[in-house]
Every structure is written in C-alpha cells, then in structure tokens.
Amino acid sequence: MAAGLLETSIQSLPLVYRGKVRDSYAVGGDKLLIVTTDRLSAFDVVMGQPIPDKGRVLNALSNFWFDRLGHVVPNHLTGIDPESVVTPAERAQVRGRAVVARKLQPLAVEAVVRGYLIGSGWKDYQASGAVCGIALPQGLRQAEKLPEPIFTPAEKAELGRHDENISFAQVEQRIGVDRAARMRTISLSLYGEAAAYAATRGIIIADTKFEFGLDTDGTLRLMDEVLTADSSRFWPADEYRVGISPPSFDKQFVRDWLETQPWNKEPPPPELPAEVVARTADKYREALRRLTSKTLD
C-alpha cells in the first residue's frame, strides 16, 4: 500500500493555509491551489498517520458532485489544471488530489442538512425532542428517516475547536436575512438531488454539510468540498436498519477504534494500527466506486 501524503511541501507558491485535511496555496491574487492530503481528523484532532488515497478519493468525489450539481448553484472551480501552476518536480504532490479554485470570501457558517436522525442530532432529540431547535415528532428512533430534511447550521470553528450548532436566526444575523434564506434553499435542494441520485447507487446520505463563499461580484458559490465521505454520512442501503447506527463509508471505523482507547480526545492522538488505516482507506475507495462507478487510476 502507498504511504500516503500527510503534508505538502510546495515551494513555488505561497502557502495560505493548512487545514485539517487541505493545504491551500496562492495562485496570483485571485485564485487558490487547494490540495487534498491524506490527513484524517477525528474528534477534531488530526491523526499522525495518513490514510492512503483518501485525498484522491475526496477530490474525485467533490469534482463529481460539483459537475453534477452545477445547475443548482455555481461553485469555486476554475477548470485550470493544477499541474500547470506548480513546477514539474511538484506535480506528483497535486496529481489527482488538487483543484485551482476562485478565491472567495467564505461565509463563517456551515450549512448542515440532516435527512436522518443520527449523531449529535440524535443526542439532541433524545434530550429535547428537537434538533437544533427544530421540533420533531415524538417517538422517532435512532437512524430513522426524518419527515423531511432539515437545515441545521453550525458556526465554523477555528482549527482544533468543535463547530457549534447555531439557530437560523443567528445565521440571519451573521450573513443577512436574504442570503441566509438563499443558503438554506440551495442546501436543501443540493441534498435532495444528491440523496435521490445516491439512492439509485444503493447509498443513503444521512446528512451532509456544505460551505459557501462570495466572489468579487457578490455571487454565492459552493466551495471547499461537497458530498464527500468526510463531509457526509454515507450508509449502505442494504444494511440500513432503524434503531441502530448503520455502518458507513467514512472515518467511523477510526472513531470506533479511538473510542476503545484511553485517550482524552486532545492532541496527541494514539497511533493508528495498520489494519485500521487499511480498512479505512478501503471504505473511502468503496464510497467512490459505489457513487461514481469509477476507481482511482
């Protein structure tokens, strides 16, 4: 198995930001080279070992969805070949795992859409009968499909901190009433179309999060990643059962292993066993194959 790319070292462009998973470099004053590494974060802590091919899978999934959902909302892609903006010696670091994107003004709100009752939403419902202040019918069970998808925004936290759920009124205060309404409408539309397509591929999209930014003309654009196994819960439809947490095509395998360790969820994290790394990598590759019928070259 390939070792995986934990961190890029591109010298020909200025480094702008190193996030949990992506490294961003400036391409002129109006574009970014965004490289998806093989880093994996769990409980908001970046693991010390890369997950081989993870970055290439996430990049391919995002590009698939950007193309498929482009009629719903414009996105940040420019169509410029990432290998054309770095030196020949650096091309291997970006091949298959990078995009050249418009530099946008990001909105500090994560647009979360939930179609099923799971994760923090399930915990919230058990405690209050609501999810993020949205009242739901009584008697719903874990992993149950909601009567209709709900928009439950979160405030995007700084690196190393947990995102926090916020009310729609708080979103309106942060980005304006009209823009908040547009973000909600677009997010629900994106989720609806994606979930309907994924169902034809035998996958349930339980929930997902979108990020948006504004270009120089004030146009709202979809950015970062979209409908990947990092930003969404993908469940195999043939293994879905109400009342239990279904298996998923994401880093849940890592989370489950970490929960068995004597770890306080603060850096540094435990070292991941080779088997956990390998099985997690397989989960990501399977998500790509199931959703797109494609495999990595």
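**Entry 1: the cavity lining**

I began with the lining of the largest cavity, and its residues divide into five nonpolar, five polar and four charged. I keep in mind that this is a predicted model. Searching the whole structure, I found one cavity of 30 Å³ or more. The space in the largest cavity comes to about 80 Å³. I then listed the lining: 14 residues take part, and those closest to the centre are Arg-22, Thr-36, Asn-59, Val-99 and Asp-224. Two or more lining residues come from each of β3 (31-36), α1 (54-68) and β6 (98-102). Which element gives the largest share of this lining? I found that α1 does, with five residues.

**Entry 2: the second largest pocket**

Next I turned to the second largest pocket, whose volume is about 350 Å³. Its lining has 13 residues, and I noted Arg-56, Ala-60, Gly-96, Lys-294 and Leu-296 as the closest to its centre. Both α1 and α7 supply at least two residues of this lining. The largest share, five residues, comes from α1, the helix that also gives the largest share to the lining of the largest cavity. By class, I sorted the pocket lining into four nonpolar, five polar and four charged residues.

**Entry 3: the nonpolar cores**

A general note to self: in soluble globular proteins, nonpolar side chains tend to be buried together. Here I looked up the largest nonpolar core, which has 63 residues; Trp-65, Leu-190, Phe-210, Phe-212 and Phe-234 touch the most other members. Helix α5 (residues 177-200) gives the most to this core, namely eight residues. A second core, separate from this one, has eleven residues, among them Leu-13, Tyr-25, Leu-33 and Val-35.

I picked Phe-212 for a closer look. Setting aside neighbours within four places in sequence, I saw that Phe-212 is in contact with residues including Val-73, Pro-106, Leu-107, Met-183, Ile-186 and Leu-190. Its contacts also include Leu-220, Arg-221, Leu-222 and Met-223.

**Entry 4: Glu-110**

Is Glu-110 buried or exposed? I found Glu-110 buried, because its relative accessible area is 2%, against a cut-off of under 20%. Glu-110 sits in strand β8 (residues 109-116). Again leaving out neighbours within four places in sequence, I listed its contacts as Pro-153, Ala-154, Lys-156, Asp-163, Lys-209, Phe-210 and Glu-211. Phe-210 was already in my notes as one of the core residues that touch the most other members.

**Entry 5: helix α3**

In helix α3 (residues 120-128) I marked Gly-121, Trp-122 and Tyr-125 as buried. Why do they line one face of the helix? Seen down the axis of α3, the buried residues fall within an arc of 100 degrees, so they share one face. On the face turned away from that buried side I found the exposed residues Lys-123, Gln-126 and Ala-127. The buried residues of α3 pack against β8 and β9 (130-131), and β8 is the strand that holds Glu-110. Just after α3 comes Gly-129, with a positive phi near 75 degrees.

**Entry 6: helix α6**

Last, I checked helix α6 (residues 252-259), where Val-254, Trp-257 and Leu-258 are buried. They cover an arc of only 100 degrees around the axis, so they lie on the same side of α6. I looked up their partners too: the buried residues of α6 pack against β4 (41-42) and α7 (274-292). I had met α7 before, as a supplier of at least two residues to the lining of the second largest pocket.

How values were computed
Residues are numbered from 1 along each chain as its sequence is written. This is a predicted model: local features need pLDDT of at least 70, side-chain atom pairs count only at pLDDT 80 or more; totals for chains, interfaces and linings use all residues. Side-chain values use heavy atoms; hydrogens and water are left out. Buried means under 20% relative accessible area, exposed over 50%, partly exposed in between (1.4 Å probe, protein chains only). Helices (H or I, at least four residues) and strands (E, at least two) are DSSP runs, numbered from the N terminus. The arc is that of the directions from the helix axis to the C-beta atoms. Contact means heavy atoms within 4.5 Å. On a 1 Å grid over the protein atoms alone, a cavity is a set of points where a 1.4 Å probe fits but cannot get out, and a pocket is an open set with protein on both sides within 12 Å along at least five of seven lines; lining residues have an atom within 4 Å of a point. Grid points are joined across faces, edges and corners, and a volume is the space filled by probe spheres set on the points. Ala, Val, Leu, Ile, Met, Phe, Trp, Tyr, Cys and Pro count as nonpolar, Asp, Glu, Lys and Arg as charged, and the others, Gly among them, as polar. A nonpolar core is a set of buried Ala, Val, Leu, Ile, Met, Phe, Trp, Tyr and Cys residues joined through side-chain atoms within 4.5 Å.
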